[in-house]
Amino acid sequence: MKNSNSSLGFLPTTFILVGIPGLEAEHLWVSIPFCLMYIIIFLGNGTILHVIRTDASLHQPMYLFLAMLALAEVGVSVSTLPTVLGIFLFGTTEISFEACLLQMFSIHSFSIMESAVLLAMSVDRFVAIYSPLRYTTILTLPRIFGTGVIIGLKSIILMAPLPMLLRQLPFCGNNALSHSFCLHPNLIHLPCGDISVNNIYGLFIVTSTFGLDSLLIVISYGFILHTVLGIATGEGQKKALSTCGSHVCAVLAYYIPMIGLSMVHRFGKHVSPLLQTMMANAYLFFPPVVNPIVYSIKTKEIRRGIIRMLAKKRSGV
């Protein structure tokens with residue numbers, strides 16, 4: 001490890017990333033499922049973005065929020081791609097200190113955006129069920145785009161201090177990370193100085209974004225269930241709830257791996273490195289792989305849009 005001078009320790013110029021512990025000799029084979037996942041992520045989310053952009057009938061709040069979700073998921077995947085494929089395809093395990101901080105900032109910023117968009121989508125579903133006649137007058141295009149801008153700015157502003165705080169900490173020789181990418185919960189265990197400020201601010205980010213978002217999503221669905229139970233007919237109740245199915249799947253696909261990874265980082269000191277790696281990969285890869293498939297299958301408007309797009313390509317229009 002190369003170092004620069006510091007009064008309390010060292011500032012590393014590089015970090016060492018890992019692939020799959022115990023499978024170092026098989027990294028070329030391991031690269032195949034990762035390459036397939038990236039293809040699914042970019043093809044699936046790209047298709048959804050293209051269909052929503054080109055089909056005027058999908059320029060509605062629900063689908064515009066879905067486009068924001070797809071953008072955030074593509075952003076997370078683009079952030080991890082250089083180091084993940086660098087390790088498995090080319091055996092490149094080193095990443096510079098500055099590049100690591102940039103990757104950490106990018107991954108967490110897009111993850112915060114993803115969580116906030118899931119919250120916005122739950123509010124969208126509540127408004128659609130509670131007040132369907134006023135749906136488009138409440139969720140107007142300016143409000144939707146304004147929500148997107150606020151989500152993006154909030155994520156960037158919240159994450160901006162973390163790289164600066166890490167730069168102030170001394171490192172004392174350990175520069176080996178536990179994943180194929182840079183995550184703050186992993187990086188924060190490497191410095192040998194006082195990390196209380198970093199821990200407090202990191203906890204503030206988690207509670208004010210993921211914690212608050214998940215709580216408000218649960219509250220939104222409480223209101224949705226209360227509204228649905230007030231619908232007179234069973235058919236009407238079923239129809240109302242069917243519009244939430246894809247979003248519920250997206251919420252579960254996002255929060256379950258995230259909670260699992262958080263538990264491993266905070267309480268799993270004796271957990272095997274393989275489990276830590278698999279949980280981190282599930283957190284970052286599972287939602288962007290699954291969501292395009294779920295929305296394409298369960299949302300008939302998206303499915304019809306994809307069919308129309310394929311029909312146009314086949315006819316050469």
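This is a short presentation on selected residues and contacts in one protein structure.

Good morning. Please keep in mind that the structure before you is a predicted model.

I shall begin with the interior. The largest nonpolar core has 83 residues, and within this core Phe15, Ile52 and Leu118 touch the most other members. Helix α3, which covers residues 97-130, supplies the largest share of the core, namely 16 residues. In soluble globular proteins, nonpolar side chains tend to be buried together.

What does Leu118 touch, if we set aside residues up to four places away in sequence? Leu118 is in contact with Leu69, Ile217, His247, Ala250, Val251, Tyr254 and Tyr255.

Let us turn to helix α1, which runs over residues 27-54. I shall take three of its residues in order.

Ser31 lies in this helix. Is Ser31 buried or exposed? Its relative accessibility is 3%, and because buried means under 20%, Ser31 counts as buried. Beyond residues up to four places away in sequence, Ser31 touches Phe88 and Leu89.

Leu43 also belongs to helix α1, but Leu43 has a relative accessible area of 56%. The threshold for an exposed residue is over 50%, so Leu43 is exposed. Together with Trp29, Ile32, Leu36 and Ile39, Leu43 makes a nonpolar surface patch of about 560 Å².

The third residue is Thr54, again in helix α1. With a relative accessible area of 46%, Thr54 is partly exposed. A polar atom of the Thr54 side chain lies 2.8 Å from the backbone oxygen of His50. Thr54 and Met309 are 255 residues apart in sequence, yet their C-alpha atoms are 8.9 Å apart in space.

My last example is Tyr63, in helix α2, which spans residues 61-90. Tyr63 is buried, at 5% relative accessibility. Which residues does Tyr63 contact, leaving aside neighbours within four places in sequence? They are Ile52, Leu58, Thr299, Glu301 and Ile302. Ile52 has already appeared, as one of the core residues that touch the most other members. With Glu301, Tyr63 also forms a polar contact of 3.0 Å between the two side chains. Finally, Tyr63 and Val51 are separated by 12 residues in sequence and by 9.9 Å in space, C-alpha to C-alpha.

To summarise, helix α1 carries both the buried Ser31 and the exposed Leu43, while in helix α2 the buried Tyr63 is joined to Glu301 by a polar contact. Thank you for your attention.

Definitions and conventions
Residues numbered from 1 in each chain as written. Predicted model: local features only at pLDDT ≥ 70, side-chain atom pairs only at ≥ 80, totals over all residues. Heavy atoms only, no water. Patch = residues over 30% accessible without salt bridge, like charges linked within 9 Å, V, L, I, M, F, W, Y side chains within 5 Å. Areas by Shrake-Rupley, 256 points an atom, 1.4 Å probe, with all protein chains shown as cover. Salt bridge = Lys/Arg side-chain N within 4 Å of Asp/Glu carboxyl O. Helix = DSSP H or I, 4+ residues; strand = E, 2+ residues; numbered from the N terminus. Buried < 20%, exposed > 50% of the residue type's maximum accessible area, 1.4 Å probe, protein only. Core = buried A, V, L, I, M, F, W, Y, C linked by side-chain atoms within 4.5 Å. Contact = heavy atoms within 4.5 Å. Polar contact = N/O pair within 3.5 Å; in protein donor to acceptor, adjacent residues only side chain to side chain.
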